[in-house]
Amino acid sequence: MIRVLPRILVSFVFLIAATTASAEQVRGGDLVVEMPWARASIGTSRPAAAYLTIKNEGLSADTLLGVKTDAAATPEVHKMEMRDGIANMGPAGPVEVPAQGIVTLAPGGMHVMLRNLNHPLKKGEYFSMTLIFEKEGQINIVVPIYSIGASGPDE
Amino acid sequence: MTTVRSILWVAVAVALAVFIWLNVWLDSGQHAIDDSSNGPTSAVSPTFSLTDQLGNFVTEQAYRGEWLLVFFGFTNCPDICPTTLAELAQVMEGLGTNAESVTPLFISIDPSRDRPKTMAEYVIAFHSTIVGLTGTAAQISAAVGSFKAYFEKRPLASVPDGYTMGHTSAVYLISPTGAFVRTYSYGTPAEEIVTDLQQRL
């Protein structure tokens with residue numbers, strides 16, 4: 001029991017952090033990250049996707065350079081390009097968040113591709129993610145996992 | 001004077017011919033553009049010989065008498081495919097009892113990774129009515145070709161196995177007699193598809 005206690009405590013703290021962070025926006029300077037969500041995965045072999053919205057309330061642009069997460073070894077921002085009805089996926093590269101602008105990562109557009117999952121993404125659970133911005137530096141968020149059939153953050 | 005007049009008449013005739021030719025040409029060009037924006041046309045005659053997620057060999061004949069909603073994709077696709085399959089699941093739920101006459105088919109365009117067993121664990125996660133079909137590379141090319149759909153393998157270092165698949169993102173509606181009816185472009189809301197289907201069923 002003594003040995004399990006710290007783990008229970010840690011998950012409890014994490015749960016509180018998770019519920020507060022996902023219910024509210026996470027602010028870092030002029031940037032506000034909101035409505036993160038991910039779909040549940042089947043096992044770990046296939047890449048999963050996470051989505052979110054970044055608001056820039058400042059007067060100068062910032063750039064999302066990359067992503068880190070404990071859920072996957074190699075997360076990367078990807079974008080879907082639709083040409084003549086043909087969908088093609090590729091790395092988005094650095095994503096500029098314009099001054100007073102909003103960048104949305106949503107199905108059919110951009111997503112954080114979670115490759116090499118460290119564990120299956122289970123509905124109802126959470127994982128942490130760090131967004132790395134050129135100016136603002138790191139912003140930590142908690143991403144709730146919805147069902148595999150979810151299509152948006154309001155599931 | 002008469003020569004000047006005949007030259008003028010010739011000029012008028014030439015101008016008229018050019019005018020008519022331009023009109024016809026522009027018109028036909030316009031049609032070509034219209035056709036491409038509408039996507040597949042009546043030339044689509046869907047046929048396939050594939051294996052379903054239970055390991056059964058099936059052709060299009062197996063689904064005569066049912067409306068088919070056909071989508072091409074692959075199970076390693078993290079965005080478009082789960083989004084569309086989730087939408088098809090919503091359509092099936094939205095149809096209520098009419099869902100009995102509709103079968104969604106998810107046809108893999110990634111035969112080297114998507115075996116029947118893979119398809120089985122994938123499609124069931126979305127809806128019990130979705131059929132997952134795969135086959136050999138040749139069988140899949142033939143199926144895709146009959147739908148006038150498109151897919152391509154593209155190298156991409158940042159994904160598993162170093163490649164991804166580009167593919168037609170629309171959902172095809174096939175009638176109970178096996179005729180192509182229409183496509184629903186990617187992102188068509190489930191309610192819109194349900195309303196359209198309810199009028200046809």
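These exercises, each with a worked solution, concern a predicted model with chains A and B.

Residues are numbered from 1 along each chain as its sequence is written, while chains are lettered from A and ligands numbered from 1 in the order in which they are written. Because the model is predicted, local features need pLDDT of at least 70 and side-chain atom pairs count only at pLDDT 80 or more, whereas totals for chains, interfaces and linings use all residues.

**Exercise 1. The fold of chain B**

Task: Work out what pattern of helices and strands chain B follows, and which strands form its open sheet.

Solution: Begin with the elements, which are DSSP runs numbered from the N terminus (helices are H or I with at least four residues, strands are E with at least two). Chain B has five helices and nine strands, and along the sequence they give the pattern α-β-β-β-α-β-α-β-α-β-β-β-β-α.

Next, take the sheet, in which two strands pair if DSSP finds at least two bridges between them. Seven strands of chain B make an open sheet with mixed pairing, in the order β2-β1-β5-β4-β3-β8-β9. Its edge strands, each pairing on one side only, are β2 (57-59) and β9 (180-184) of chain B, and the twist from one strand to the next averages 35 degrees.

At one end of that order, β1 (residues 49-52) of chain B is joined to β2(B) by three bridges and runs antiparallel to it, with Thr51(B) having Phe57(B) as its bridge partner.

**Exercise 2. Helix α2 of chain B**

Task: Determine what α2(B) touches in the sheet, and at what angle its axis crosses that of α5(B).

Solution: First consider the sheet, with contact meaning that the C-beta atoms of two residues, placed from the backbone, lie within 7 Å. α2(B) packs on the sheet by touching β3 (67-73), β4 (102-108) and β8 (171-174) of chain B, and its direction makes about 165 degrees with that of β3(B).

Then turn to the helix pair, for which axes are lines fitted to C-alpha atoms over the stretch in contact and angles run from 0 to 180 degrees between N-to-C directions. The axes of α2(B) and α5 (residues 190-200) of chain B come within 9 Å and cross at roughly 45 degrees. Angles under 35 degrees count as roughly parallel, over 145 as roughly antiparallel, 65 to 115 as roughly perpendicular and the rest as oblique, and α2(B) and α5(B) are therefore oblique to each other.

Finally, identify the residues: Glu87(B), Gln90(B), Val91(B) and Gly94(B) in α2(B) meet Ala190(B), Glu191(B), Ile193(B) and Val194(B) in α5(B).

**Exercise 3. Where the chains meet**

Task: Find which element gives the most to the side of chain B that touches chain A, and which strand of chain A is joined to β7(B).

Solution: Start with the totals, since the contact takes 30 residues from chain B and 26 residues from chain A. On the side of chain B, the elements giving two or more residues are α2 (80-94), α3 (116-123) and β7 (163-168), and α2(B) gives the most, with six residues.

Now follow β7(B), which is joined by two bridges to the antiparallel strand β6 (residues 86-91) of chain A. Here Ala87(A) stands opposite His167(B), and Ile86(A) has Thr168(B) as its bridge partner. Within chain B, β7(B) also pairs in the antiparallel sense with β6 (residues 151-155) over five bridges, where Lys153(B) stands opposite Met165(B).

**Exercise 4. Met80 of chain A**

Task: Decide whether Met80(A) is buried or exposed, and which residues of chain B Met80(A) touches.

Solution: Place the residue first, in strand β5 (residues 72-83) of chain A. A residue is buried if 20 or more other C-beta atoms, placed from the backbone, lie within 10 Å of its own, exposed if 12 or fewer, and partly exposed in between; Met80(A) has 23 such neighbours and so counts as buried. Leaving aside residues up to four places away in sequence, Met80(A) touches Asp79(B) and Ile80(B), as well as Ala87(A), Met89(A), Gly108(A) and Gly109(A).
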